[in-house]
Amino acid sequence: MSHTDPDVGRRAPTVPMAEVLRSQARLRALVESDAVFVWTTDADGRVDDMPGWRRLTGQTRDEVRGDGWLAAIHPDDRPATLLAWDTARQRRGTYRTEYRLRLADGTYRWYQARGVPLPGTDGAIYEWAGTLHDVHARRQVEAERDALVQGLERQRAEAEAHLLAASELAAQLQGQAAEAEHQMAEMQAMAEELEATNQQLAAAHAAAEAALEDEARLVETLHRIGVSLTSETELSRIVQAATDEATTLTGAQFGAFFYNVLNDAGESYMLYTLSGVPREAFEGFPMPRNTAVFSPTFHGEGVVRSGDILKDPRYGHTAPYHGMPRGHLPVRSYLAVPVVGHTGEVLGGLFFGHAEPDMFTERAERLAVGIAGWASVSIENARLHDAERRARAAAERAAERGQRLLEVAGRMARALSPAQVAEVAVEHGMRAIGADAGAMALLDPAGAEFTMMGTRGYPEPSASRFYRFPVTLGAPMSDAVLHKRPVLVRDTAEWRERFPRTADAAAETGYEGYATVPIVADGRALGALGFSFRAGQTFDPGVDVFLETLAGHCASALERARLYEAERDARDEAEQANRAKSQFLASMSHELRTPLNAIGGYVELIELGLRGPTTPQQMTDLDRIKRAQQHLLGLINDVLNFARLEAGKIAFNLADVPLSEVLDEVEALIEPQAADRGILYGRGEGGAGVRVRADREKLEQVLLNLLSNAVKFTGPGGQVRMDSAQVGGQVRIRVRDTGCGIPPEKLDAVFEPFVQVDPDLTRTRQGTGLGLAISRELARAMGGDLTVESTLDEGSTFTVHLPAADPGAEAAPA
Ligand code: ADP
């Protein structure tokens, strides 16, 4: 910037000094020049004529006369001229003025008028005379000079002002310059700063963009991992995938995921998965414990990221290792992220290690946290899935076990011995709970010793070793019967812990899991069921209930088997006795018949007079002997018949028999007896044309027995009727009387051998009490039956049921 103002130069005085001098000289010459003309007036100053005036102005004489000449003066100069003239006249002094006069050609020119009053000798003025001088040139010069002076003055003032302004400006400029310089410097600095800021901004922008891009990539990566993790429902695969991804993305040398899982019984335990190192690298170490380093992770408190864990204040405080156990992979850079479920439950923790310090960036941490988040969602998903699967499996198992129990109940109902009960219980129990071996042991009555009733799947010599063992041996079964509740043993380790005395023997079987349940009846342990599993077990809660129910079925089945066996023994005994009785009766009757027949034969010999003449008295005695003999013989024949019948020694000759023929036959025998006793006998029409499948003789024997009973137990004036009918494939023959009847409580007993309702009464009417027993046996042996209905004092009705003859066989030749 310049320090000089161009305006100052322009305004500086420019009138040359030579011109000024020239103008003054000209003025002097002009003043000394001659007048243009001389003028005169009257005493009062009135003009009569001014020829010189007229020549100059072109006014006429008339126009000049009086004050007319004034008209030729420039209007601007007229007042001054008039004033000067009037003043001169009043004062009678000199008159002097200058004015511009309009010349004849119309132009104006400066003139000086001078006048003096010319006094007469009396002192009175008689005329005025004066001159008119051309002062135009002077006036011009003067004007020029004035203009010049004015211009100079103005210029000077201007210059002064300019100078002042300039100096002010200069000062100002000086200040401004300094200011400007300062500003320049500032601006420079600012520019530099701006430049730097720009660069920073550009860098920041680039960084922001890079960060954004990075963020997008991170989000994208996490999203990809999230999608792959959440699509997985298998827990082990989720944790492995999460560990692998996180280990790769964080740049860790190795990563581990320690996570809590629930077993079927709902208990929590810890598993882990590794990435970047083989499993052996960690196998020798215990699970991470709640040390100061691990605690924030396992309590879900937050991320632990350490550039050098060895220098971390939390490191190395906990016994026994005070840091990493010997042989642990070297870890300097350490990153641990808790995996927390949506309720705040800590599902596990992701751990990353690197042998070099400061390997894990903030970005690595964010990635790990992101993956931990997805892992949490996925694990919870998997848990839900698992819970659902478990619930479904449990429901299915329960249903299957229910089904199995139904089957067991059915099969056990048919089990007639403890061995059969054992077989059913072991087989179904094994299938229901998926066991690989099973056994049922019973306690001796003293409750001191087990004996195996049935075993399955146990190898020798284990099976033999445990064939019989004392309750005091200290096996799970002992515990079960002593405490009367199921005992579940997960694996051989637990067995060793709880039942150390039998642990070796148990291990020898080669099985891991074991479940046993006591068989309890009326509060008393009868024995126990035991099941073995090849694999370690977690036992779902339904197992207990199932085993107890199964054992309950066993208890009732054993009880039933016991009763059955007792009853069978009793029956065997009774049958044995019965057989002996029948044997005895058969032989006895046979032995009795021979002498009785002999008695009969000799009586006949005497009666026929072959031994000489007999007296009437003797004849009467003989008749009594004979009747007694026949009665005894009949009795013995009955007994013999019954004994043979019971022993199954009677042959039946079944044929299609015309019923009416049979009825005619027995009627012929019974009618005289009825008539003798004053009883009215009648027969219905129903049996015509009916054929019955029977042994004719035996049927006649049955009917004869029923008819003779009816006559025997009906008093004179009573009635006996025989009816028959075919109903479907059945033929019914009914013998009805109006006799004494049978009391209701004896209705069943009359069919038992040797039973007589009223022995006294019967004695008078004779009988053995075998008739009905034999008759029913016969009817049953022919595929029919014999039944009774009776009302005491009103009468009885006995009905023989027999199959009708086969209608197809009817046409066939007999
Ligand atoms: P028994 O007639 O030889 O005594 P049964 O076996 O024929 O032997 O009859 C058994 C018992 O049944 C008879 O003693 C009698 O008490 C009773 N009983 C049988 N038939 C009749 C009947 N029709 N009315 C009343 N009681 C009868």
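**An extended predicted chain and its cores**

Visitor: Where is the place of D522?
Guide: The model is predicted. Two strands frame this residue: strand 14, residues 513-521, and strand 15, residues 524-533. The place of D522 is the loop between strand 14 and strand 15.

Visitor: Is D522 exposed or buried?
Guide: D522 has a positive phi of about 50° although it is not a glycine. A residue counts as exposed when its relative accessible area is over 50%. The relative accessibility of D522 is 82%, so D522 counts as exposed.

Visitor: What is the phi of D793?
Guide: D793 lies in the loop between strand 21 (785-791) and strand 22 (795-803). With 64% relative accessibility, D793 counts as exposed. Although D793 is not a glycine, its phi is positive, at about 65°.

Visitor: Which peptide bond is cis, with omega near 5°?
Guide: The bond involves P461, whose place is in the loop between strand 11 (449-456) and helix 12 (462-465). The cis bond runs from E460 to P461.

Visitor: Why is the protein chain described as more spread out than a compact globule?
Guide: The secondary structure of the protein chain comprises 22 helices and 22 strands. For 814 residues the globule rule gives 28 Å, and the radius of gyration is well over that value, so the chain is more spread out than a compact globule. Along the principal axes, the C-alpha atoms fill a box of roughly 270 × 80 × 50 Å. The reason asked for is the radius of gyration, 79 Å.

Visitor: What percentage of the residues in the protein chain are buried?
Guide: The protein chain exposes about 44400 Å², of which carbon and sulfur atoms supply 54%. To count as buried, a residue must have under 20% relative accessible area. Among the 814 residues of the protein chain, the buried share is 38%.

Visitor: How far apart are the centres of the positive and negative side chains?
Guide: The protein chain has 86 positive and 116 negative side chains. The centres of these two sets are separated by 1 Å.

Visitor: Which residues touch the most other members of the largest nonpolar core?
Guide: This core contains 47 residues. Helix 19 (residues 696-712) contributes the largest share, seven residues. Apart from this core lies another, of 33 residues, including I433 and F546. In the largest core, the residues that touch the most other members are L699, I733 and V800.

Visitor: With which residues is V800 in contact, leaving aside its neighbours within four places in sequence?
Guide: V800 belongs to the largest nonpolar core. Its contacts include D785 and R732. The full set is L699, V702, L703, L706, V731, R732, I733, D785 and L786.

Visitor: Is S775 buried or exposed?
Guide: The place of S775 is in helix 21 (residues 771-781). Not counting residues up to four places away in sequence, S775 touches V702, N705 and L786. The relative accessible area of S775 is 2%, so S775 is buried.

Visitor: What distance separates the C-alpha atoms of S231 and V757?
Guide: The place of S231 is in the loop between helix 6 (136-230) and helix 7 (235-250). S231 is exposed, with a relative accessible area of 59%. Along the chain, S231 and V757 are 526 residues apart. Their C-alpha atoms are separated by 89 Å.

Note on methods:
Residues are numbered from 1 along each chain as its sequence is written. This is a predicted model: local features need pLDDT of at least 70, side-chain atom pairs count only at pLDDT 80 or more; totals for chains, interfaces and linings use all residues. Side-chain values use heavy atoms; hydrogens and water are left out. A nonpolar core is a set of buried Ala, Val, Leu, Ile, Met, Phe, Trp, Tyr and Cys residues joined through side-chain atoms within 4.5 Å. Buried means under 20% relative accessible area, exposed over 50%, partly exposed in between (1.4 Å probe, protein chains only). Helices (H or I, at least four residues) and strands (E, at least two) are DSSP runs, numbered from the N terminus. Contact means heavy atoms within 4.5 Å. The radius of gyration is taken over C-alpha atoms; the globule rule is 2.2 Å times the number of residues to the power 0.38. Accessible areas come from the Shrake-Rupley method with a 1.4 Å probe; for residues, only the protein chains shown count as cover. Lys and Arg count as positive and Asp and Glu as negative; His and the chain ends are not counted. The place of a charge is taken as NZ of Lys, CZ of Arg, CG of Asp or CD of Glu.
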